[in-house]
Amino acid sequence: ELYSYTEEPELSTNRRCFEEDFHSQVQGKRWLELDGGQQKAYVMHLLDGLEVVNRDKRLRVAQAILYLAQGVFGDCDNEGDVLHWSRHNSFLLYQLGTFTAFLELLNMEIDNSQACSSALRKPAISLADSTELRVLLSVMYLMVENIRVEQEEDPPEWKTCRETFRMELSFPVHSDEPFALLLFMMVTKFCSGHAPHFPMKKVLLLLWKVLLFTLGGFEALQAMKVRKREELGLPPLPEDSIQVMRSMRAASPPTYSIELVEQQQQKRGHRSRRPLVKQDSLDIYNERDPFKNDEVGVDEEENDDVDSGIEAELDLMERDAIIPAMPAHRPSIERVSFPKGLPWAPKVRQKDIEHFLEASRNKFIGFTLGQDTETLIGLPRPIHESVKTLKQHKYVSISDVQIKNEEELEKCPMSLGEEEVQETPCEILYRAMLYNLPQYMIALLKILLAAAPTSKAKTDSINILADVLPEEMPITVLQSMKLGIDVNRHKEIIVKSISAVLLLLLKHFKLNHIYQFEYVSQHLVFANCIPLILKFFNQNIMSYITAKNSISVLDYPHCTVCDLPELTAESLEAGDNNQFCWRNLFSCINLLRILNKLTKWKHSRTMMLVVFKSAPILKRALKVKQAMMQLYVLKLLKIQTKYLGRQWRKSNMKTMSAIYQKVRHRMNDDWAYGNDIDARPWDFQAEECTLRANIEAFNSRRYDKPQDSEFAPVDNCLQSVLGQRLELPEDFHYSYELWLEREVFSQPIRWEELLNYQ
């Protein structure tokens with residue numbers, strides 16, 4: 001996915017640059033035949049070549065290094081060899097300091113005002129405008145990805161190398177900023193229109209892999225969560241959510257012969273009223289609902305015929321997997337095996353126990369005891385049993401502990417002293433991102449909007465195709481088809497990387513500190529992330545999941561070692577043999593998870609889902625028969641069910657039973673009926689304002705100033721203040737220009753506001 005199909009000719013250019021230089025240095029040998037010392041000596045020679053002043057010579061050397069990182073495919077016979085040598089060479093390049101050298105070159109290219117101004121003057125930007133940047137980013141991506149992935153047969157020095165590299169990317173040495181921040185700055189510079197030639201797809205893919213490497217993936221996150229709960233003295237998690245998710249099965253209707261006949265009749269227009277029958281508990285998402293009349297309801301699909309072919313095929317596939325062979329004459333429903341019990345252990349919050357006791361005391365005694373959950377005097381025996389059951393399933397999250405600690409620190413700043421903050425990679429990244437975090441979030445969402453398949457091309461939207469369009473536009477039908485597939489694939493990869501970046505940030509910040517997560521969440525909500533994701537899903541989601549925007553024979557490394565067959569319009573149209581596009585499924589699940597993270601326990605944001613009429617959009621997404629995706633859709637439907645009205649619940653009983661089967665239960669959560677306190681109208685603005693005040697208090701306490709500055713004497717004399725000598729850190733001159741660029745030059749000066757203060 002790192003390479004566009006239009007970049008394919010550059011693979012041979014890289015090879016030529018390497019071989020011309022290599023044969024001038026090493027006579028009569030191939031790269032694979034050199035011993036370790038000779039390989040190191042040659043790489044050192046290449047790195048010396050990066051120091052030359054001539055820009056073209058530097059580029060040729062960088063392309064030769066890229067050929068090494070790509071796995072010297074000219075000397076390999078199969079794809080496995082290419083990947084093996086790519087990995088071997090990546091470790092070798094890192095050990096000799098290539099990453100640091102390329103980082104300096106990347107900084108030079110970012111600051112290259114000549115390239116920016118020439119790109120701004122051009123009417124149409126193409127691949128040629130970003131050649132240097134693409135070479136640099138490709139080498140860095142290959143090094144990060146190859147070193148990040150662990151394999152059992154890795155020698156000990158590679159393992160040491162991996163840890164050193166992780167530390168180098170997480171804890172910056174020469175500057176105050178981690179490497180991920182440089183990539184975020186590239187994203188904002190691109191979105192502001194100052195650098196339209198930046199190859200955004202490569203920047204975003206590299207950013208995603210750097211975050212995965214430095215912060216850790218979901219399994220590392222789960223391990224950190226378990227460790228943190230132990231440190232805080234909390235009971236262990238009731239289950240491993242990753243394992244539960246893996247064992248879940250997608251709900252799909254078993255299509256029996258009778259139903260197939262009925263479907264055929266419905267398609268021909270013979271619509272007969274079906275009697276009100278008891279539903280099979282697996283028959284969840286057949287859009288024809290037996291509880292509905294045949295007239296199409298408000299949130300019914302506009303037209304189901306488009307997908308019916310795919311649906312029927314998938315249903316038959318899944319039926320074969322789920323149901324054993326049956327005699328044709330009798331649809332024996334008893335043969336279907338149902339899961340025993342529910343997949344998730346129920347959870348109860350402290351607040352839920354307090355609400356339950358408050359209601360019970362009001363009913364039986366006539367007064368309440370505030371937050372006291374121990375005194376049960378005067379309450380009948382069944383209430384005692386209920387409280388006991390609730391307490392058995394009580395779950396205290398890490399976030400609850402962090403919020404409580406924050407309240408205490410805010411209340412008693414002097415007596416509690418200064419908080420000890422662990423210097424984790426996540427903490428360092430948040431501190432570096434803090435002051436420009438709104439711009440980073442807006443920039444990512446702008447690019448996501450431009451790459452979404454439902455977006456219409458507007459004149460004011462940003463051009464994300466600069467690193468896919470060739471210099472000469474296609475002239476034949478075949479070339480046009482190939483470019484069309486390339487452009488669609490390019491957009492899909494951008495959506496994939498942005499969704500992964502946002503989800504990783506949200507999950508890691510939430511574990512590190514709840515208010516860091518809330519700060520990012522609030523800026524995503526303010527930047528219209530919720531309607532943007534709903535707009536993304538407001539398309540034919542089945543055709544997006546099954547899209548075939550790839551040409552497998554042109555994919556790396558296949559295209560480097562195999563003879564390419566002649567491409568024809570028919571072969572391009574047929575696409576590959578994959579049933580699904582896993583890239584798009586991954587993006588959809590990530591976006592649903594982001595939406596869940598933004599709306600969970602937030603009444604105001606849940607109401608946004610209701611106001612934007614998300615229920616029919618989400619119901620359509622249930623057509624995708626994938627357990628994980630269905631779970632996150634059902635979660636989103638569950639939180640808004642109480643606001644959708646009785647009629648909606650009545651006509652969507654299959655969806656309701658699916659929620660019951662698959663989503664975790666919260667005891668006392670009246671999600672299905674909407675009678676409880678949470679269904680009443682709330683002052684939603686006040687909810688967001690209170691949250692914002694808490695976030696600002698946290699940020700200013702932890703990041704703004706030392707604790708004792710309020711009590712220090714203030715020097716009011718202008719002369720003495722300006723005459724003070726400031727002690728600057730030793731490495732200040734390394735990051736001074738970056739700091740100037742970010743804090744001074746790229747910030748707009750609002751002169752009219754200055755005049756208002758006069």
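This short talk covers the cysteines and the internal cavities of the structure shown above.

Please keep in mind that this is a predicted model, in which local features need pLDDT of at least 70 and side-chain atom pairs count only at pLDDT 80 or more, while totals for chains, interfaces and linings use all residues. Residues are numbered from 1 along each chain as its sequence is written, and side-chain values use heavy atoms, with hydrogens and water left out.

Let me begin with the cysteines. Taking a disulfide as a pair of cysteine sulfur atoms within 2.5 Å, the count comes to 0 disulfides. Cys-562, for instance, is in no disulfide, and the nearest cysteine sulfur, belonging to Cys-559, lies 8.9 Å away. As for accessibility, where buried means under 20% relative accessible area, exposed over 50%, and partly exposed in between, with a 1.4 Å probe and protein chains only, Cys-562 counts as partly exposed at 30%, whereas Cys-116 counts as buried at 7%.

I turn now to the cavities. The structure holds 5 cavities of 30 Å³ or more, and the largest has a volume of about 100 Å³. Here a cavity is a set of points, on a 1 Å grid over the protein atoms alone, where a 1.4 Å probe fits but cannot get out, and lining residues have an atom within 4 Å of a point; the volume is the space filled by probe spheres set on the points, which are joined across faces, edges and corners.

Which residues line the largest cavity? They are Arg-55, Arg-58, Leu-59, Ala-62, Leu-105, Glu-109, Glu-132 and Leu-136. Of these, α3 gives the most, with 4 residues.

Conventions: On a 1 Å grid over the protein atoms alone, a cavity is a set of points where a 1.4 Å probe fits but cannot get out, and a pocket is an open set with protein on both sides within 12 Å along at least five of seven lines; lining residues have an atom within 4 Å of a point. Helices (H or I, at least four residues) and strands (E, at least two) are DSSP runs, numbered from the N terminus.
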